[in-house]
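Student: I am new to this structure and would like a close look at a single part of it. Please start with one chain, and then show how that chain fits into the whole.

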2 protein chains.
Amino acid sequence: MAELRTLSHGVRLFVDPMPGLESAAIGVWAKAGAIDETLEENGVAHLLEHMAFKGTGKRTARQIAEEIESVGGYLNAETSYQRTGYYARVLKGDIELALDILADILTDPLFDEGELAKEREVVVQEIGEAADSPDDAVHEQLQTLIFKDQSLGRPILGSVESVRSHGRGRLRGFMDRLYFPGNLIVAAAGAVDEEAIARAVEARFPKVNAAKERPARPSPHYVGGLAADERDIEQTHIALAFPGVSARHEDAYAMRIFAEALGGGMASRLFQTIREERGLAYSVYSYAHSYDEAGILGVYVGADAENAVLASELVRQEMEGLAENLTEQEVERARAMLKSTLLMGLESPYGRADAAAGQAFTFGRPIPAAEIRELLERVTVEDVRRCAARSLNDGKPAISIVGPADAAAVEKAVGAAH
Amino acid sequence: MAELRTLSHGVRLFVDPMPGLESAAIGVWAKAGAIDETLEENGVAHLLEHMAFKGTGKRTARQIAEEIESVGGYLNAETSYQRTGYYARVLKGDIELALDILADILTDPLFDEGELAKEREVVVQEIGEAADSPDDAVHEQLQTLIFKDQSLGRPILGSVESVRSHGRGRLRGFMDRLYFPGNLIVAAAGAVDEEAIARAVEARFPKVNAAKERPARPSPHYVGGLAADERDIEQTHIALAFPGVSARHEDAYAMRIFAEALGGGMASRLFQTIREERGLAYSVYSYAHSYDEAGILGVYVGADAENAVLASELVRQEMEGLAENLTEQEVERARAMLKSTLLMGLESPYGRADAAAGQAFTFGRPIPAAEIRELLERVTVEDVRRCAARSLNDGKPAISIVGPADAAAVEKAVGAAH
């Protein structure tokens with residue numbers, strides 16, 4: 001497997017060639033996200049990501065778009081709680097052009113006040129779009145319950161008010177604090193040549209601040225609670241969270257197997273009970289989500305209002321059942337699913353680069369697929385049952401509802417033992 | 001490039017090996033979709049797709065799920081207007097297992113009445129989920145305007161009433177009419193071996209009905225019109241359609257370049273005008289969609305109610321501007337984008353198999369990428385301007401609105417010349 005190396009200015013580089021491909025993904029990831037924001041800064045990490053595309057010392061916003069698209073490439077970016085990625089998908093001859101643009105927007109953005117005024121309103125529209133989607137809204141509300149009054153519990157997009165309050169000074173402050181060479185990783189995969197990319201990255205990131213210290217992140221803690229956004233719509237959308245473990249916890253992979261066995265695929269307990277046996281829902285699933293220092297088990301179900309309480313009871317019941325009588329066969333199946341999902345993810349250039357950057361930020365190095373498979377192999381039935389018991393007993397659930405609902409009855413169904 | 005071959009029972013086979021991969025996609029596509037439904041049958045194509053997974057003569061629904069997931073594979077299916085695809089993503093050693101399951105669910109489904117009663121309610125929940133998403137709702141409403149009172153204008157999911165009216169007899173009738181060997185294509189891509197798959201397909205599809213005639217499809221015609229679903233939500237979601245061309249039309253690729261130049265990427269006219277210059281929207285895009293005998297240009301924009309009319313005016317204005325002064329550079333950029341999207345799509349096993357099946361149904365053969373590139377190369381500025389003029393002048397727009405809106409003002413803005 002390719003290895004992470006540190007270049008002279010402190011930027012780390014990971015280049016992963018994939019034989020047989022004609023295209024590549026290349027991106028720059030900053031260990032900077034919504035978790036790093038103060039209350040006042042809420043939404044800055046994401047607004048900054050938007051503004052990076054709005055012009056540099058040598059390119060207007062339109063030139064950035066035209067340059068990459070004239071070679072058939074595309075640029076995109078994604079802000080999450082723990083990191084922000086800026087990346088391009090291009091044909092193999094255009095990797096250096098992509099890198100030149102990425103380095104330009106990240107080392108020399110203008111943050112023009114006129115552009116900023118317009119882009120704030122674009123983000124306000126993005127917030128409106130998310131609010132109108134029950135699926136987005138129910139998960140955003142869930143996050144505020146899980147990590148109440150913490151940066152991890154505030155929306156990545158910010159609020160309409162917070163976004164409109166951000167001037168260029170706040171963007172510059174966040175960028176100066178977190179976008180320095182030692183806090184950046186360039187990752188590329190596909191039809192790539194490591195030495196050519198290393199030379200280009202050496203040349204395009206300035207040698208400043210290389211020894212800068214990264215400010216410590218707040219250590220998040222799970223809270224839980226109930227919130228209901230009553231809307232007169234067709235379905236009651238219910239998103240639940242229970243305590244989980246951090247990405248660095250020894251049970252991190254046992255948690256993933258737990259989530260997979262509970263509600264990961266068609267053979268999972270939630271799918272079989274709630275959809276196949278009862279016909280209560282079209283969408284029902286669970287997932288494990290982890291941050292560097294916290295983690296959750298999440299569950300989603302969308303059902304008619306009249307079935308919302310029953311569906312919630314069944315979620316609780318299946319979690320309790322799994323804690324008691326999970327079988328070896330279910331663990332084997334979940335393990336096989338996670339292993340093949342891992343392998344198929346590695347067949348995508350962007351998937352490889354993004355995963356490597358995330359692992360490097362959390363563990364100091366990209367984790368080879370063979371090592372992940374080995375960690376999955378080690379998980380036992382007892383490990384998974386322990387995870388289920390922890391999620392049931394280590395704190396109160398977070399219960400987010402969007403749509404028509406008897407919130408107190410849902411809370412009772414999710415929270416009470418049977 | 002791999003070729004389409006016809007096996008002894010009439011099923012056609014396309015196998016496309018991709019060196020370097022460890023996984024594969026394999027699926028069975030039926031040339032059967034919502035376009036083939038009578039009014040009474042609305043939703044049957046999709047309900048049949050769901051019921052295929054609900055048990056066969058030798059496997060229960062749970063066994064189907066457990067067998068594929070125990071090897072880490074996953075099964076999925078998709079019903080569109082023109083075809084229905086059932087496919088698996090598996091590691092290379094599990095292709096024959098996947099094919100065995102796919103053949104089983106398509107040649108020996110039980111359509112058990114008890115399972116059907118539950119699955120109808122699952123689909124009713126799926127309909128509710130789509131209704132709650134403004135983005136889904138606005139596009140579904142658009143489709144009813146474009147092809148008013150035709151099978152192409154009815155929702156693929158059906159209505160709550162139509163879905164609840166379907167018994168097993170209606171499913172059997174639809175299946176007997178359209179799921180016969182000559183109307184099926186098996187396509188596979190990735191880590192695949194053509195001869196092994198050919199032998200397995202020969203063995204697993206029965207030799208019946210091979211010479212059956214496919215019933216003719218209705219020939220759809222574009223209608224257009226206005227519909228507004230007033231909701232008290234954050235954004236006004238606007239989906240527009242204008243006359244386009246069928247997949248078989250000589251301007252099919254010129255239409256795609258038109259849609260790309262108008263609103264395909266960041267450098268496109270709609271993105272630059274509506275998002276970059278004015279900050280009116282987060283999501284704004286256009287697309288060309290074609291069926292075998294009809295096609296449209298579609299546009300979407302989500303904006304504040306107070307900006308909905310302005311945004312609509314700007315869409316009209318940019319279409320008219322493009323018809324008059326589209327540049328060679330814009331055509332070149334759109335062409336480069338479409339060529340690289342094509343190439344990157346071919347790097348996904350499922351993308352390859354699905355595209356080949358669709359092309360085989362429409363053109364009688366999968367179209368090699370080199371041929372598509374050649375067709376894109378031939379498109380001239382005049383061709384694209386002609387497409388723009390056709391969309392503006394060959395019929396009235398279809399205007400679908402979900403959210404708060406002055407529908408008459410939006411209609412005036414979209415419909416009237418400036």
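**Chain A, its two domains and its partner**

Tutor: Chain A of this predicted model is divided into domain 1, residues 5–204, and domain 2, residues 225–415. Between the C-alpha centres of domain 1 and domain 2 of chain A there are 28 Å. The two domains touch: 33 residues of domain 1 of chain A are in contact with 25 residues of domain 2 of chain A. On the domain 1 side of this contact, at least two residues each come from β2 (12–17), β3 (23–30), β5 (84–91), α5 (134–146) and β6 (184–190) of chain A. The element that gives the most to that side is α5(A), with nine residues. By residue type, the side of domain 1 of chain A that touches domain 2 of chain A divides into 19 nonpolar, seven polar and seven charged residues.

Several of those strands also belong to a sheet. In chain A, six strands form an open sheet in the order β1-β2-β6-β3-β5-β4, with mixed pairing. Its edge strands are β1 (5–6) and β4 (74–79) of chain A, each of which pairs on one side only. As a general point, strands of a sheet pair through backbone hydrogen bonds, either parallel or antiparallel. Inside the sheet of chain A, β3(A) and β5(A) run antiparallel and are joined by eight bridges. Within this pair, S23(A) stands opposite L91(A) in β5(A).

Now take one residue of chain A. A98(A) lies in helix α3 of chain A, which covers residues 95–107. Is A98(A) buried or exposed? A98(A) has 26 C-beta neighbours inside 10 Å and therefore counts as buried; the cut-off for that is 20 or more. Which residues does A98(A) touch, apart from its neighbours within four places in sequence? A98(A) is in contact with I26(A), I68(A), G73(A), A88(A) and V90(A). Another residue, A389(A), is 291 residues from A98(A) in sequence and 48 Å from it in space, C-alpha to C-alpha.

Next comes a strand of chain A, β8, which covers residues 236–243. Eight of the eight residues of β8(A) are buried, so the strand is largely enclosed by the rest of the structure. β8(A) pairs in the antiparallel sense with β10 (295–303) of chain A over eight bridges. In that pairing, I238(A) has V301(A) in β10(A) as its bridge partner. β8(A) also pairs in the antiparallel sense with β11 (398–402) of chain A, over five bridges. There, the bridge partner of A241(A) is A398(A) in β11(A).

Chain B can be set beside chain A. Chain B superposes on chain A by a rotation of 180 degrees, with 0.0 Å of shift along the axis and an RMSD of 0.0 Å. The two copies are thus related as by a two-fold rotation axis. Which residue of chain B comes closest to the rotation axis? S133(B) does, with its C-alpha at 2.7 Å.

The contact between the chains takes 55 residues from chain A and 54 residues from chain B. On the chain B side, at least two residues each come from several elements, among them α2 (61–69), β5 (84–91), α4 (113–132), α5 (134–146) and α12 (328–345) of chain B. α4(B) gives the most to that side, with ten residues. The side of chain B that touches chain A divides into 20 nonpolar, 15 polar and 19 charged residues. Because 100% of the interface residues of chain B are also interface residues in chain A, the copies meet through the same surface.

Chain B has an open sheet of six strands too, in the order β1-β2-β6-β3-β5-β4 and with mixed pairing. The edge strands here are β1 (4–6) and β4 (74–79) of chain B, each pairing on one side only. Neighbouring strands of this sheet are turned by 20 degrees against each other on average, direction ignored. Helix α1 (44–51) of chain B packs on the sheet and touches β4 and β5 of chain B. The direction of α1(B) makes about 170 degrees with that of β4(B). Within the sheet, β2 (12–17) and β6 (184–190) of chain B pair in the parallel sense over six bridges. One of the residues in this pairing is F14(B), whose bridge partner in β6(B) is A187(B).

Technical notes. Residues numbered from 1 in each chain as written. Chains lettered and ligands numbered in written order. Predicted model: local features only at pLDDT ≥ 70, side-chain atom pairs only at ≥ 80, totals over all residues. Contact = placed C-beta atoms within 7 Å. Helix = DSSP H or I, 4+ residues; strand = E, 2+ residues; numbered from the N terminus. Nonpolar A, V, L, I, M, F, W, Y, C, P; charged D, E, K, R; others polar. Least-squares fit on C-alpha atoms with pLDDT ≥ 70 in both. Domains from an automatic or database assignment. Pairing = 2+ DSSP bridges. Axes fitted to C-alpha atoms, helices over the stretch in contact; angles between N-to-C directions. Buried ≥ 20, exposed ≤ 12 C-beta atoms within 10 Å, placed from the backbone.
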